Each structure stands twice: as C-alpha cells, then as structure tokens.
Amino acid sequence: AEQNRIYSNTARGIYAPFSNATILGNTVYSNAIGILARNGPTIGNNLVYANSDYALYLDDGASDVFSNTLHQANGTVLVILGTAANTSLRDNILWTQDGTAISVSSDSQVGFKSNYNLFFLEGPGAVAGNWQGEDRVSLQQWQFAAFTDLNSLAVDPLFVDVDGADGFLGYS
C-alpha cells in the first residue's frame, strides 16, 4: 500500500497480513485501527491520526517502522504484540494526548530496538510506554525500563499549524 488516503473504516484502514508487505507514504485516519500489520512488514513515511483505538498495531514478525507521524488522542499510538520479536522503530513522531505512545507485550520484547524518535506527551494522562506490563510515564522512565530510545526526545514537534486554517487535523 503506497501513496493512499484511507479513512472512515469501521475496523482498520490498512491490513497487511503478509511478511513482505510494504506500507509507504499513506495518510490514514478516522478508523478504529489505522494500520494493522502482521508478520513483519516495512512501514515508513505514513501519516496516521484520529483513529479510535490504535494508530499502528503490529502482530508477529520483525517489523521495520521508520519516519512515520503517528497521532493518537487517546488509546495507544503503537502496540506491539504476538511475538513480534526484533521490531525496529526509528525516526518516528509518536504523539498522544491521553494515551500510551508505545506498548510492547512481554512476548515481543526480544530484539526490540527503538531510537531517534520524538515523543510528544501532550496531556496529563499521556504515557511514554508500557513495558513488562507497567506504564512508564516519562521518556526517561521508558528509557530506563526498556533500555532503548537513548537518542530520542520528548518535545513538541512544532508543526507550523497542526490543524490548518479550517481547525481540523488533516482532512475535514
């Protein structure tokens, strides 16, 4: 799936069940799950926002996730589960207002790599990550628990006008 605008689906915007799947340059919004991927696909340069449950849901396999902007007001921005060992995250913007930026289940922690990401934890209920079943509220707590994201930052990405002239994030 490349260069698509996908929106308003009741379940998921993009479903990639195959190991050789490539999901690049899409705009995905207003679904229950923005992208649901299985068996280790390559996911890059996507804008995923305003989904009700998850922006990105990885299940099984070693996924390569890079240069995405993932915005989730509540719920979980990125969930990794189902023995998704050796997942690699780099150069992503993970933005949540009242949810969890990254949640990695205990069966998916083997070989997990994450670095050079930007965490924007906007609201008082925002959590950087969930590791070993416990919420790690700040980026520093996440770094100490997961031993990852040492070069990542927790700052505002400073988008020029995130909701545009019409007052809506993305398309209206």
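Begin with the molecular surface of the whole chain: the protein exposes about 8,000 Å², and carbon and sulfur atoms supply 50% of that area. Accessible areas follow the Shrake-Rupley method with a 1.4 Å probe, and for residues only the protein chains shown count as cover. The model is a predicted one, in which local features need pLDDT of at least 70 and side-chain atom pairs count only at pLDDT 80 or more, whereas totals for chains, interfaces and linings use all residues. Residues are numbered from 1 along each chain as its sequence is written, and side-chain values use heavy atoms, with hydrogens and water left out.

**The whole chain**

Next, display the C-alpha trace, which spans about 40 × 35 × 25 Å along its principal axes. The radius of gyration is 15 Å, in agreement with the value near 16 Å for a compact globule of 172 residues; this quantity is taken over C-alpha atoms, and the globule rule is 2.2 Å times the number of residues to the power 0.38. Colouring by secondary structure shows one helix and 17 strands; these are DSSP runs (helices H or I, at least four residues; strands E, at least two), numbered from the N terminus. Buried residues make up 48% of the 172, where buried means under 20% relative accessible area with a 1.4 Å probe, protein chains only.

**Helix 1**

Select residues 139-146, which form helix 1; Leu139, Trp142, Gln143, Ala145 and Ala146 are buried there. Add strand 12 (93-104), strand 14 (118-121), strand 15 (127-131), strand 16 (134-136) and strand 17 (153-154), against which the buried residues of the helix pack. Contact here means heavy atoms within 4.5 Å. Then move to Phe147, which follows helix 1 and has a positive phi, near 55°.

**Gln109**

Select Gln109 in the loop between strand 12 and strand 13 (113-115). Gln109 is buried, at a relative accessible area of 16%. Leaving aside neighbours within four places in sequence, Gln109 is in contact with Val104, Trp131 and Gln132.

**Asp59**

Finally, select Asp59 in strand 8 (residues 54-59). Asp59 is buried, with a relative accessible area of 14%. Show the side chain of Arg38 as well: the side chain of Asp59 makes a polar contact with it at 2.9 Å. Such a contact is a pair of N or O atoms within 3.5 Å; within protein, one must be able to donate a hydrogen and the other to accept it, and residues adjacent in sequence count only if both atoms are side-chain atoms. Not counting residues up to four places away in sequence, Asp59 touches Ala37, Arg38, Asn39, Leu81, Gly82 and Ala84.

How values were computed: Buried means under 20% relative accessible area, exposed over 50%, partly exposed in between (1.4 Å probe, protein chains only).
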